[in-house]
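Hi,

Here is the structure I promised to pass on. Have a look at it first, and then read my notes below.

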Amino acid sequence: MSSATDTSDPQFSVAVVGAGPRGTSIVERMADLLRRSTRVPVQLQVTIFDPYPGGSGMVWDPGQSPNFWMNTPMSYPTVAPERTGDGPGLSFEQFVTSGGDGSPLTAREVEEISSLGPGSYPTRALYGRYLQHVFQRSVAQLAAHPQVNVVQIQSEVLAVRPELTGYQVEYRHPDPEASATARLSVDCVVLALGHQDSAVNPWQRQLAEAAERNGLTYLPPNIPANVDYAQFPPGEPALIRGLGLNFFDAMAELSLGRGGRFVTDLDVPGHRLRYEPSGEEPRLMVASRRGTPYWGKPVADAFIPEQIQLEYMDAEELMDLVVEARTSGNPNASLSFSRHIWPRLHRDILLAYYSQSARVYEDQLPQGSEAFIAKVREILDAEHHEGVQVWLSQLHEYIDRFPRIGWLDVPLLAHPFDQVGFESHAHYQQAVRDYLVHNAQRSEPGIEDPLSRAIMTMNAGRMMIKELIARNLVDEQSRITEIQGKFEPLVEGLSSGPPLERIEQLLALSRAGLVEFIGPDPQFGFDEITGLFTASSPWVDADEFTAKVLCEAMMPANRVLQNKTPLMRQLLGESVARVHTWTNDDGETVPGSGFEVRGTPYRLVDGQGLAHRGLFVLGLQLSSAQWGTAIAGQAGDLARPGARTLRDAQDIVKGIARLAGIEIPETPTEFDRVDRIGGRV
């Protein structure tokens, strides 16, 4: 797709490498900026590379199984700001409520759209259709500009090399009759990459080699849509490592995808569904470190409902701490999670829990709910030296007076079976089922349940922490050892789980004997005598599980040193990029997970420590600069931390405009307002 250009103007060329969700955000923001700009003094050449269809990329194929669901409600995700005029983008919710915004839909997609509400969890296939629609509309608007020419090349980029005044992009020639590779010189490049093929770790490699020697099936970490589920023979046992979102995808595909049915049985949380097998299902033996699946999400119409407010964890207050320290002679001052962040967020979580508990159990409180909440606030408000946890023990002592309400041990939520042993396999199965029933009972009431309200509050805090990290306000060692090492397993296990319906389905499969739980801290291996994969748990006194199939229910590692695509290896091997490093407590230099980048927008840093002028990064490879890089932004107010991906895309497009001499519109937008909010530090 292209448009005619005035050849008298100087030329400026841009390569966008990756046309999945992040690349779509780049193209959409570029189309919007040029639509509003009154002066474009160059002929702009935009070349978009991706071997997969634009918008959906590799992960979000609209043709994938409808059994794969998103884990965010329909009202949350977007790759563009909400459309208010004739702009190129729109949010996913707008796409759904408009009946597809004019996009050609299949009968199944029409049926799904008609069934969705704000709190519904769509299929990934439908979200892929939305992504393709936004991408195509954005490309069309961009190409319609008289000064722009757009070319899409459905091919893999193999290398990006600096040239005298720009960059050379090497890619596989899409024409099989042509030479193996082709090259294009451009002025700047945007790396908008998602998941990359990664090497397995040494232990996984041993399992794969054992499988090859003995005729077994080993399925390494992979994107769920790319897993060959036909490798699971009907009626036979199979081992699955991991109880996160990839597990629930496998569970659904190996039950619903095999012709089974979930039938509504009782109108009781935790007992709603009964499974009717087709006879084609395998028997799944599953395990994870904590021994339980991710917590099923509370039922709500929003990712974080409006009622959830953070009182103690105040972003402005935390920023002021850093500003004051940096302007008082300590330019490297930053926040510590354990000292500055967690005590505040912990207060908010407990306030949310006990405020709602007081409403639910008011008849258990002799002094009434208002007096109870007032006393909780009094303890939480008491001044102590920064980081001192005296308030925590005082609150614990007060809550102990009310055994019906009980103490909420927040860190223990990450390890519900910590240091608990089970005398038999049957005892452990029942313990996990009881845990899942408890999950259903607490999650179904949504924000009206104290634990659900506490979890939603923790999730709101997570979003704010992401923003503080992205603004470089958090000490790096604290981020890696405290946030990613300790807090992440807690908040991810409670806030990043599946829709509650998946928990009900898992319970039904467990009761039907088609899913069995192995135990916490599982040990997977290979038995040379039997020639089978093995799995067991030191916390469950039961026979070892064996199977001919072992599946790693997890995504490929998001570490640039493990990525094995030609482009990632070339960037590092030729020192076009380098891995971010950090220094631990022992003074050792440790490689991080992502590229080293600098500034805003994020520019790639080369092997000599110099930032590229025109090589921008948006995507998973920012994992050393951000925590929990997202596939999409949060719809609605762009000042929210959840909209960071959209703001990063906007920053890159503005950076390109400055390099090209394109006027950046002065017309105020939501992004301009966010820029002013974010310009304090």
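Before anything else, one term: two residues are in contact when they have heavy atoms within 4.5 Å of each other. Also keep in mind that this is a predicted model.

Let's start with a pair of helices. Which residues of α12 meet α13? On the α12 side they are I455, M458, N459, R462, I465 and I469. Facing them in α13 are R479, I483, F487, L490, V491, E492, L494 and S495. Sorted by class, this contact has 9 nonpolar, 2 polar and 3 charged residues.

Two packed helices are described by the angle between their axes and the distance between the axes. Here, α12 covers residues 450–470 and α13 covers 476–495, and their axes come within 10 Å and cross at roughly 145°. The crossing is left-handed.

Now for R442, which sits in helix α11 (residues 425–443). Is R442 buried or exposed? Buried means under 20% relative accessible area, and R442 has 15%, so it counts as buried. What does R442 touch, if you skip its neighbours within four places in sequence? The list is W295, Y353, D449, P450, L451 and S452.

Next, the sheets. One is an open sheet of 5 strands with parallel pairing, in the order β9-β18-β10-β13-β14. At its edges are β9 (217–219) and β14 (515–517), each pairing on one side only. From one strand to the next, the twist averages 20°. Inside this sheet, β10 (residues 237–241) and β18 (residues 549–552) run parallel and are joined by 3 bridges; I240 has C551 in β18 as its bridge partner. Helix α5 packs on this sheet, where it touches β9, β10 and β18, and its direction makes about 150° with that of β9.

Another open sheet has 3 strands in the order β15-β16-β17, and its pairing is antiparallel. Why do β15 (523–527) and β17 (545–547) each have one side without a neighbour in the sheet? They stand at the edges, so each has a single partner strand. Neighbouring strands of this sheet are turned by 25° against each other on average, direction ignored. Strand β16 (residues 532–536) is joined to β17 by 3 bridges, and you can find A535 opposite F545 of β17. Look for α5 (residues 202–214) here too: this helix packs on the sheet by touching β15 and β16, and its direction makes about 30° with that of β15.

Have fun clicking through it!

Cheers

Note on methods. Residues numbered from 1 in each chain as written. Predicted model: local features only at pLDDT ≥ 70, side-chain atom pairs only at ≥ 80, totals over all residues. Heavy atoms only, no water. Pairing = 2+ DSSP bridges. Helix = DSSP H or I, 4+ residues; strand = E, 2+ residues; numbered from the N terminus. Axes fitted to C-alpha atoms, helices over the stretch in contact; angles between N-to-C directions. Buried < 20%, exposed > 50% of the residue type's maximum accessible area, 1.4 Å probe, protein only. Left-handed = near helix turned anticlockwise from the far one by under 90°. Nonpolar A, V, L, I, M, F, W, Y, C, P; charged D, E, K, R; others polar.
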